[in-house]
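I opened this notebook to record what I looked up in one structure. The entries run from the whole chain to individual side chains.

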Amino acid sequence: MKKLLLALALTAASHALHESPRALAQTPAPAAGQQTSADPGITPNGVIGEVAAIDASAKQLFLKTDAGSVVIVTVADNTNYVRLPPGETTLAKATKTALSEIGAGDRVFARGSVAADSKSMMARVVIVNTKADLERKHEADRAEWKARGVVGTVTAVNPQTKEITLQSRTPGAPPVVIAASDAKVKFRRYAPDSVRFSDAKAGTFEEIKVGDQLRAKGEKSPDGARFTPEEVVTGSFRTLMGTITAVNPETREIQIKTLQGNQPVTIVVSKDSSLKRVPPEAAAMMAGGAPGSTPPQGAGGGAAARPAGAQAAAPPAGGAPPAAGAPGGGGGGMVVRRMGGDMQEMIERLPAATLAELKPGSMVVFSTTGTSAERVTAIQLIAGIEPLVAMMQARPGAGGANRGGNSLANLNLGFGIGQP
């Protein structure tokens, strides 16, 4: 069990750090009464964390735990170094390595005596998952999720049979029934203000509800109608649009007024938030015309083909919105058809943006798991969406900015749940 926990800890998602060794050593002391042992990455006999910096002359590694604590690990001439492939639950495939082969970004489990203040230790054994090995495993895992996965919006949940009906975000795709009755199925769920896919916590079938976004890995039946999952990740996401009123790069906060109700909202952009921008030419293409052109009336997909006075198609059972590209699905169906079907993949391909590029007066759309009406953390944020908003407002019956904003923001595009 200890080896299994070690393997799970070593292969946890990590992030590159760039602090200097001396800056890391000056991590503030715990507040009075705070128990440093609350950090799950630190025990009396070891520390698990990412190598933030190395002082080779002093024979010291600066490890930063997932909880943010910094521990100075001193090694000796008789310290043993072992390289372990990510995901291994025993040391059977471990190989010898050396201090000189350890680098920033590597994941390390240092065994030894940890000081009483949990800020330093003398290591007898150093077990390493290299950054390169972790990245290769991540890419392999991501490829497997793509090849053996499904993603979409939950339209129905059957507690008796433990079946979930999923509407894929690929236009025109039929619903898929997720048969999740096997006790071995692993459930995970995004917590409020979670950002990364890997941040999803252990969950249960009972937490899943209509309207959730879901990504599952497993096996699809030959006819594609049913899916037997090994792992299911879900979350409740909100998508909001608005106009920026202020940007504070120091606190990494953006103030907006939402199109959905003209409400002020503070968006926190964490180090893990994804910031993207739609290039003007791509926005014009998605809006249905060449750069600089005005989107035609009725450019919004199925809405254009509806006779005057006709009603949009009713949502499927369970209250979920129509699938993107279906009648009543809004202009986003046209957007997805033009861009290849999977909105999340399209978002991944967009160029990165920075806070410095975001200016008051410009518009953004973002997703969040936060439930606060005033302050949320962005999972994904996309700037440069003005042509898309203009397209929605140009739709017959859009009813102005608020209606158009709601129509685009609430499309069934899976904007929120991230890539593995």
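The entries below cover the overall make-up, the nonpolar cores, and then the surroundings of a few chosen residues.

**Entry 1: the chain as a whole**

I noted at the outset that this is a predicted model. I looked up the secondary structure and found nine helices and 21 strands. The chain has 420 residues, of which 46% are buried. I then turned to the contacts with a separation of 6 or more, and 64% of them are between residues 24 or more positions apart. For the surface I recorded an exposed area of about 19,900 Å², with carbon and sulfur atoms supplying 55% of it.

**Entry 2: nonpolar cores**

I searched next for nonpolar cores. The largest one comprises 18 residues, and Leu63, Val73, Ile102, Met121 and Val126 have the most contacts inside it. Which strands each supply at least two residues of this core? I listed β2 (46–55), β3 (60–64), β4 (70–83), β6 (107–114) and β7 (120–129). A second core, separate from this one, has 17 residues, including Val265, Val269, Leu358 and Val376. As background, I kept in mind that nonpolar side chains in soluble globular proteins tend to be buried together.

I followed up one member of the largest core, Ile102. With neighbours within four places in sequence set aside, Ile102 is in contact with Val51, Ile54, Leu61, Tyr81, Val126 and Val128.

**Entry 3: Arg188**

I moved to Arg188, which belongs to strand β11 (residues 186–189). Is Arg188 buried or exposed? Its relative accessible area is 13%, under the 20% cut-off, so Arg188 counts as buried.

I then asked which polar partners its side chain has. The side chains of Arg188 and Glu231 are joined by a polar contact of 2.8 Å. A polar atom of the Arg188 side chain also lies 3.3 Å from the backbone oxygen of Phe197. The ring of Phe197 is involved as well: Arg188 lies over its face, at 5.1 Å from the ring centre. Beyond four places in sequence, the contacts of Arg188 include Ser198, Lys201, Gly203, Val233 and Thr234.

**Entry 4: Thr234**

One of those contacts, Thr234, I examined in its own right. Thr234 sits in strand β14 and is buried, at 3% relative accessible area. Its side chain makes a polar contact of 2.8 Å with the side chain of Arg189. Among the other residues in contact with Thr234, outside its neighbours within four places, are Tyr190, Ile208, Gln213 and Leu214.

**Entry 5: aromatic pairs**

I counted three aromatic pairs in the structure, and I recorded two of them in detail. Phe187 and Phe205 form an edge-to-face pair, with 6.2 Å centre to centre and 75° between the planes. Phe187 is in strand β11 and Phe205 in the loop between β12 (201–202) and β13 (213–220), so this pair ties together parts 18 residues apart in sequence. Both rings belong to buried residues: Phe187 has a relative accessibility of 12%, and Phe205 has 4%.

Tyr190 and Phe237 also form an edge-to-face pair, with 5.0 Å between centres and 70° between the planes. What does this pair tie together? Tyr190 lies in the loop between β11 and β12, and Phe237 in the loop between β14 (226–235) and β15 (238–248), so the parts joined are 47 residues apart in sequence. I noted Tyr190 as buried at 6% relative accessible area and Phe237 as buried at 16% relative accessibility.

Key. Residues numbered from 1 in each chain as written. Predicted model: local features only at pLDDT ≥ 70, side-chain atom pairs only at ≥ 80, totals over all residues. Heavy atoms only, no water. Core = buried A, V, L, I, M, F, W, Y, C linked by side-chain atoms within 4.5 Å. Buried < 20%, exposed > 50% of the residue type's maximum accessible area, 1.4 Å probe, protein only. Helix = DSSP H or I, 4+ residues; strand = E, 2+ residues; numbered from the N terminus. Contact = heavy atoms within 4.5 Å. Areas by Shrake-Rupley, 256 points an atom, 1.4 Å probe, with all protein chains shown as cover. Polar contact = N/O pair within 3.5 Å; in protein donor to acceptor, adjacent residues only side chain to side chain. Phe/Tyr/Trp six-rings, centres within 6.5 Å; stacked < 30°, edge-to-face > 60°. Lys NZ or Arg CZ within 6 Å of the ring centre and 35° of its normal.
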